[in-house]
Amino acid sequence: MNHIPLAPDTPLAEAARHMMAEQLEIVREHLPALRERADVTAVHETRKAIRRTFTLFKLFAPSFAPGELEPHRQGLRKLMRRLAPCRDLAVFRANLLDYNTAAGQPLLALADYVEEMQAAADQRLIAYLQRPRTQKRMKRYARFTTTEGAGLLPPGEKAPLVLVRHVLPVLIFQRLGAVRAWGDILPTATPVQFHQLRIQFKELRYTLTFFEDLLGETSGQIIEMTRQMQEHLGHLNDARVAVAYLVETEC
């Protein structure tokens, strides 16, 4: 799907639907590689697209009828649960390979154990994607993202048409506030809290990226800053996951 720039007068719900369709197209593009061998790049790109979609659901839920997005969120959440261990193990294995290559006493037993875990996680993902119910969920969500007017609140005298320009500042400041709320606890933050902060930075970054067409040239600098913060917090979380694996295997 080609990217169509947003206009300030685009109806908000249809802007949301188009952005959801763009992210779903990324997921569907990588499904063959996921079904065949749980390709690492496909896992990573699919996870990113689903996380962006979760941010869209959070931003635009008020634009749709109550509960309309929840079945689609649940379906994508189930896929995300199968993707997560594939990604975490792939990152850990890559880091472990670097360590074993340079170390005088490489952790070969750990490498074998994690390789087995990776193979099992990949097979669980492949099996899940082959289920008819999983494929039916994806098709149902695809219809939703391409059907204009689907899932909207019924029109009425008390519900005017909301355009992008009506609410864009509020959407951005909500996500910025969610990041800033963590500021007071940073000196004593735990690894889990840093991970939650990373999620908030992701949602801020995704929101800015969704509306980059309307935010002007300087928005790119802010998006890059949020990317750098997200990347740093991601390294912290990868280290937390790695320690957990080391403890699990008593290495």
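**Briefing: a cavity, a helix crossing and an unusual alanine**

About 110 Å³ of space lies in the largest cavity of this predicted model. The structure holds one cavity of 30 Å³ or more. Two other features are covered below: the packing of helix H2 with helix H7, and the positive phi of Ala 38.

**The cavity**
- Rolling a probe the size of a water molecule over the atoms shows where empty space is left.
- Helix H3 (70–102) and helix H5 (132–146) are the elements that give two or more residues to the lining of the largest cavity.
- The lining includes Pro 71, His 72, Gly 75, Leu 76 and Leu 79.
- Tyr 128, Thr 134, Arg 137, Met 138, Arg 140 and Tyr 141 also line the largest cavity.
- By type, the lining has six nonpolar, three polar and two charged residues.

**H2 against H7**
- Helix H2 (residues 40–60) packs with helix H7 (residues 191–210) at an angle of about 80 degrees. Their axes are 10 Å apart.
- Angles of 65 to 115 degrees count as roughly perpendicular, so H2 is roughly perpendicular to H7.
- H2 brings Lys 48, Arg 51, Arg 52, Thr 55, Leu 56, Lys 58 and Leu 59 to the contact.
- H7 brings Lys 202, Glu 203, Tyr 206, Thr 207 and Phe 210.
- Six residues of this contact are charged, four are nonpolar and two are polar.

**Ala 38**
- Ala 38 sits in the loop between helix H1 (12–37) and H2.
- Most residues other than glycine have a negative phi. Ala 38 is not a glycine, yet its phi is positive, at about 50 degrees.
- Ala 38 counts as buried because its relative accessibility is 4%, and buried means under 20%.

Conventions
Residues are numbered from 1 along each chain as its sequence is written. This is a predicted model: local features need pLDDT of at least 70, side-chain atom pairs count only at pLDDT 80 or more; totals for chains, interfaces and linings use all residues. Side-chain values use heavy atoms; hydrogens and water are left out. On a 1 Å grid over the protein atoms alone, a cavity is a set of points where a 1.4 Å probe fits but cannot get out, and a pocket is an open set with protein on both sides within 12 Å along at least five of seven lines; lining residues have an atom within 4 Å of a point. Grid points are joined across faces, edges and corners, and a volume is the space filled by probe spheres set on the points. Helices (H or I, at least four residues) and strands (E, at least two) are DSSP runs, numbered from the N terminus. Ala, Val, Leu, Ile, Met, Phe, Trp, Tyr, Cys and Pro count as nonpolar, Asp, Glu, Lys and Arg as charged, and the others, Gly among them, as polar. Axes are lines fitted to C-alpha atoms, for helices over the stretch in contact, and angles run from 0 to 180 degrees between N-to-C directions. Angles under 35 degrees count as roughly parallel, over 145 as roughly antiparallel, 65 to 115 as roughly perpendicular and the rest as oblique. Contact means heavy atoms within 4.5 Å. Buried means under 20% relative accessible area, exposed over 50%, partly exposed in between (1.4 Å probe, protein chains only).
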